[in-house]
Amino acid sequence: MNTSFEWDEDKNAENLKKHGVNFETAQYAFIDLKRVIAKDLAHSKIEKRYYCFGKVKGGVLTVRFTYRSSRIRIIGAGYWRKGKNIYEKQNQIQ
């Protein structure tokens with residue numbers, strides 16, 4: 001993977017505890033050829049944030065991220081039903 005990722009280690013530990021997913025695993029959502037990228041319109045007004053919906057370990061993982069200094073900064077990740085629904089709708093999976 002040529003893309004560069006970064007994250008806050010405390011946030012990574014918190015995400016693992018809360019959602020059962022670490023940010024090392026979350027990176028793999030970006031290599032799904034059918035991934036879906038969408039703007040996160042509900043959160044930060046300070047910087048643009050996005051979602052990546054991609055298949056990882058047999059499920060659809062939702063990764064919230066932003067771009068900082070040409071790197072993808074992961075903010076949160078989890079296997080959430082809404083992300084799965086968006087992924088399936090975009091990829092027309094029945």
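This is a short talk about the fold of one protein chain and two of its residues, aspartate 40 and alanine 38.

Hi everyone, and thanks for coming. One thing before we start: what you see above is a predicted model.

Let's begin with the whole chain. How many helices and strands does the protein chain have? There are 3 helices and 5 strands. If you walk from the N terminus, the elements come in the order β-α-α-β-β-β-β-α.

Now for the overall dimensions. The C-alpha trace spans about 35 × 30 × 25 Å along its principal axes. A compact globule of 94 residues would have a radius of gyration near 12 Å, and this chain has 13 Å, so the two agree. As for the inside, 40% of the 94 residues count as buried. On the outside, the accessible surface comes to about 6,400 Å², and carbon and sulfur atoms make up 48% of that. Here is one more number for the fold: take the contacts between residues at least 6 apart in sequence, and 43% of them join residues at least 24 apart.

Next, please find helix H1, residues 9-19. At its start, a side-chain oxygen of aspartate 8 comes to within 2.9 Å of the backbone nitrogen of aspartate 10. After H1 comes glycine 20, which has a positive phi, near 75°.

Let's move on to strand E2, where alanine 38 sits. Is alanine 38 buried, partly exposed or exposed? Its relative accessible area is 24%, and buried would require under 20%, so alanine 38 counts as partly exposed. Beyond its neighbours within four places in sequence, alanine 38 touches Tyr50, Tyr51 and Phe53. Glycine 59 is 21 residues away along the chain, and its C-alpha atom lies 18 Å from that of alanine 38.

Finally, my favourite stop: aspartate 40. You'll find aspartate 40 in the loop between strand E2 (36-39) and strand E3 (50-56). Which side chain of opposite charge is nearest to this buried residue? That would be arginine 64, 4.2 Å away. A salt bridge needs the two charged groups within 4 Å, so aspartate 40 has none, although it is buried.

What does the side chain of aspartate 40 have close by, then? One of its polar atoms lies 3.2 Å from the backbone nitrogen of alanine 42. Setting aside neighbours within four places in sequence, aspartate 40 is in contact with Arg49, Tyr50, Tyr51 and Arg64. You may remember Tyr50 and Tyr51 from the contacts of alanine 38.

That's my tour. Thanks for listening!

Methods. Residues numbered from 1 in each chain as written. Predicted model: local features only at pLDDT ≥ 70, side-chain atom pairs only at ≥ 80, totals over all residues. Heavy atoms only, no water. Helix = DSSP H or I, 4+ residues; strand = E, 2+ residues; numbered from the N terminus. Buried < 20%, exposed > 50% of the residue type's maximum accessible area, 1.4 Å probe, protein only. Lys, Arg positive; Asp, Glu negative; His and termini not counted. Polar contact = N/O pair within 3.5 Å; in protein donor to acceptor, adjacent residues only side chain to side chain. Contact = heavy atoms within 4.5 Å. Rg over C-alpha atoms; globule rule 2.2 N^0.38 Å. Areas by Shrake-Rupley, 256 points an atom, 1.4 Å probe, with all protein chains shown as cover.
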